[in-house]
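This report walks through a single protein chain, from salt bridges to backbone details and overall layout. Keep the structure open while reading.

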Amino acid sequence: MKNAKLAETFIDPSVRIRECTIGQQCEILGHSAMEYSSLGDFSYLGEYCTVADADIGRFVAIASQVRIGAPNHPMQRASQHRITYCPEYYSCAAVRDHDFFTDRHADKVVIGHDVWIGHGAIVLPGVTVGNGAVIAAGAVVSKDVAPYTIVGGVPAKVIRARFSESVAQQLQQIAWWEWPLETVIERLADFQQDDIAAFCEKYARG
């Protein structure tokens, strides 16, 4: 029974979820909200996060007060107020602009595997964040982030690469996040040491 309990996903009762897919052994802490999104296995969200129109990979660590897929307003219209796409809030005779919401949902954020997103970061619609990337606390990400790259600032810019290009490519090929959980646990000692070259050499695919 103990192992069965470990396989459960925890979602705090205060969390609001609408039309989402949540993976195995995930954690979503208090007062967060998700809609029209997916959260991969073993990923977690801190408190007071808001996620909309996003596909999030496996083993992703998201700190508190992160905003992913913060929706844009229609700046190209005569008015950018919601009365142009939610007029039914103001008049029973008006009809919602469904095409606007279809386009908004299609402008997805894609977060890769093993990504770390720091406290209070914002990831705007349409952005893709590569595997192993790091988004610094407070960053506003408006452009794609390459795998194994650290970005920060407003707007977010590259701070540095986590590893050499060669190591980053090897890690992408190894794709350890696809391993069964039992395999990750068996190889935990290799994850706990800092010799990334040794890790890549040991597990690189032929």
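## Salt bridges and backbone

Asp55 forms a salt bridge with Lys108, and their closest N and O atoms are 4.0 Å apart. This pair links distant parts of the chain. Asp55 sits in strand 9 (residues 54-56). Lys108 sits in the loop between helix 2 and strand 12 (109-111). The two residues are 53 residues apart. Asp55 has a relative accessible area of 30%, so it is partly exposed. Lys108 is also partly exposed, because its relative accessibility is 29%. Both values fall between the 20% limit for buried and the 50% limit for exposed.

A word on the source: this is a predicted model.

How many salt bridges does the structure hold? The count is six. Three of them are listed here, including the Asp55 pair.

| Salt bridge | Closest N and O atoms |
|---|---|
| Asp55 and Lys108 | 4.0 Å |
| Arg18 and Glu35 | 3.6 Å |
| Glu88 and Arg96 | 2.7 Å |

Take the bridge between Arg18 and Glu35. Arg18 lies in strand 2 (residues 16-18) and Glu35 in strand 5 (residues 33-35), so the pair ties together parts that are 17 residues apart in sequence. Is Arg18 buried, exposed or partly exposed? Its relative accessible area is 46%, so Arg18 is partly exposed. Glu35 is partly exposed as well, with a relative accessible area of 27%.

Next comes Glu88 with Arg96. Glu88 has 27% relative accessibility and therefore counts as partly exposed. Arg96 has 26% and also counts as partly exposed.

Strand 9 deserves a second look. Besides Asp55, the strand holds Ile56. Why does Ile56 count as buried? Its relative accessibility is 5%, and buried means under 20%. Asp55, in contrast, is partly exposed at 30%. Ile56 can also be placed against Ile68. The two are twelve residues apart in sequence. Their C-alpha atoms are 9.8 Å apart in space.

The loop between strand 9 and strand 10 (61-62) contains Phe59. Which sign does phi of Phe59 have, positive or negative? It is positive, near 60 degrees, in a residue other than glycine. Phe59 counts as buried, because its relative accessibility is 17%.

Gln25 has a positive phi too, of about 50 degrees, although it is not a glycine. Gln25 is placed in the loop between strand 3 (21-22) and strand 4 (27-28). Its relative accessible area is 26%, so Gln25 is partly exposed. Phe59, by comparison, is buried at 17%.

One further backbone detail concerns a proline. The peptide bond from Val154 to Pro155 is cis. Its omega is near -10 degrees. Pro155 lies in the loop between strand 18 (149-152) and strand 19 (157-161).

## Surface patch

Which residues make the nonpolar surface patch of about 310 Å²? They are Ile83, Tyr89 and Tyr90. Ile83 is found in the loop between strand 11 (67-68) and helix 2 (98-106). With 41% relative accessibility, Ile83 counts as partly exposed. That value also clears the cut-off for patch residues, because they need over 30% relative accessible area.

## Helix packing and overall layout

Two helices meet at an angle. The axes of helix 3 (residues 165-174) and helix 6 (residues 196-203) come within 10 Å. They cross at roughly 40 degrees. Helix 3 is therefore oblique to helix 6. The crossing of helix 3 past helix 6 is left-handed.

Now the chain as a whole. Its secondary structure comes to six helices and 19 strands. The C-alpha trace spans about 65 × 45 × 30 Å along its principal axes. What share of the 206 residues is buried? Buried residues make up 38%. Ile56 and Phe59 are among the buried residues, at 5% and 17% relative accessibility.

Technical notes
Residues numbered from 1 in each chain as written. Predicted model: local features only at pLDDT ≥ 70, side-chain atom pairs only at ≥ 80, totals over all residues. Heavy atoms only, no water. Patch = residues over 30% accessible without salt bridge, like charges linked within 9 Å, V, L, I, M, F, W, Y side chains within 5 Å. Areas by Shrake-Rupley, 256 points an atom, 1.4 Å probe, with all protein chains shown as cover. Salt bridge = Lys/Arg side-chain N within 4 Å of Asp/Glu carboxyl O. Helix = DSSP H or I, 4+ residues; strand = E, 2+ residues; numbered from the N terminus. Buried < 20%, exposed > 50% of the residue type's maximum accessible area, 1.4 Å probe, protein only. Axes fitted to C-alpha atoms, helices over the stretch in contact; angles between N-to-C directions. Parallel < 35°, antiparallel > 145°, perpendicular 65-115°, else oblique. Left-handed = near helix turned anticlockwise from the far one by under 90°.
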